[in-house]
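Let's walk through this one together. Have the sequence and the 3D view open as you read.

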Amino acid sequence: MIHTEGLTKTFHRKKEVVEAVKGIDVDVREGELVAFLGPNGAGKSTTLRMLTSLLEPTSGRAEVAGFDIRTQPAEVRSRIGYIGQGNGGGFSYRVADELHNQGRFYGLPASEYQRRAADLLAALELDGLGKRTVQSLSGGQRRRLDVALGLMNHPPLLFLDEPTTGLDPHSRANLWEHIGVLRERYGMTIVLTTHYLDEADSMAERVVVIDHGTIVADAPPAALKRDHADDVVTLVVAGTPGSPAQVPDDVTRVRAALAPVVGEVGGGAGEPGRGGSDGPGDRLHATVGAGGDVTVTLSTTHGADRLPEAIESLRVAGLSVRSAGLKQASLDDVFLNLTGRSLREEAA
Ligand SMILES: Nc1ncnc2c1ncn2[C@@H]1O[C@H](COP(=O)(O)OP(=O)(O)O)[C@@H](O)[C@H]1O
Ligand SMILES: [Mg+2]
């Protein structure tokens, strides 16, 4: 559906030169739902505007829905839907008129655009609102109208730029539900941008992480987390009661008990927060607290598997586990490990 090679865009604003997109190579297959994830200013919108033929690339090439964005922009546009960042509808127009105008724009006969408009209003839970003005809609309704406008030509490929930004959690979930239903119904390929980590994680089948105009990772969310971030298992093991002389022994016993569980014990010397892309090995860290208990942290790619294994191994070794916890890797950990910055903080 999409194939790009070295796509770049440089803006010249007065004396300032902004390299917004620095060489994007990306392929999207038919039927995929891909999210471009990155902080503000990463170059997501600029990339989308090039792929939709709204903006001429500075260099590189791209084929979208089978046509070259530079030489065949009209062919590209007739096969895509594009919902830009911010709202597209004219504020004082009526909802149905907006949809009908969009249909006319695509050269559809009246009977067809009326049918499609009614269909989309129903599908997006906007029925009954056709006669209302755009400005009278709520934020969530307005964004759903944007989606309806982008779907009037029944495009096989849909671009959505930050579809859920600014919506409350309920409206966001609702819009996602609609996107899912429409995708099924029309068999669409969908490319969207977001800076919401949780959304990219739970909704996208594939996440393209963009930072400073380049792709820093491209994989399904689970693979990104496996390759670029660790789960952390924490266990508190009861120390031997009585003498503090036991302390080094307790740590040794805990380590020995956990040795068969952990993949490759790094002795706790491993640098913290490092991703596992270059040969993941579990890293074990054990310290003795004030009360004599041994606190163990295990950084691993398979925390949910390691946790029960570790508890069982400690039990078999005659050690008693006081508490256990698991913090699973998030896309924020992935972004942090790849760029050294937290996307969560930048988004806030
Ligand atoms: N028309 C423009 N003129 C100059 N600079 C621009 C223009 N559009 C975007 N930029 C700059 O390009 C960079 C990428 O912007 P954008 O693609 O909108 O990022 P994102 O959508 O990821 O937030 C930013 O530094 C932005 O200020
Ligand atoms: Mg943007």
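## Ground rules

Two strands count as paired if DSSP finds at least two bridges between them. Helices (H or I, at least four residues) and strands (E, at least two) are DSSP runs, numbered from the N terminus.

This is a predicted model: local features need pLDDT of at least 70, side-chain atom pairs count only at pLDDT 80 or more, and totals for chains, interfaces and linings use all residues. Residues are numbered from 1 along each chain as its sequence is written, while chains are lettered from A and ligands numbered from 1 in the order in which they are written.

## The sheet

Strand β10 (residues 206-211) runs antiparallel to β11, and five bridges join the two. One of these links I210 to I215 in β11.

Both belong to an open sheet of six strands with mixed pairing, in the order β7-β8-β9-β4-β10-β11. β7 (80-83) and β11 (214-219) are the edge strands; each has a single partner, so one side of each lacks a neighbour in the sheet.

## Around ligand 1

Which residues surround ligand 1? They are F11, R13, V18, A20, G38, N40, G41, A42, G43, K44, S45 and T46, where being near means a C-beta atom, placed from the backbone, within 6 Å.

β1 (2-13), β2 (16-24) and α1 (44-51) each bring at least two residues to this shell, and α1 gives the most, with three. By type, the shell splits into four nonpolar, six polar and two charged residues (Ala, Val, Leu, Ile, Met, Phe, Trp, Tyr, Cys and Pro count as nonpolar, Asp, Glu, Lys and Arg as charged, and the others, Gly among them, as polar).
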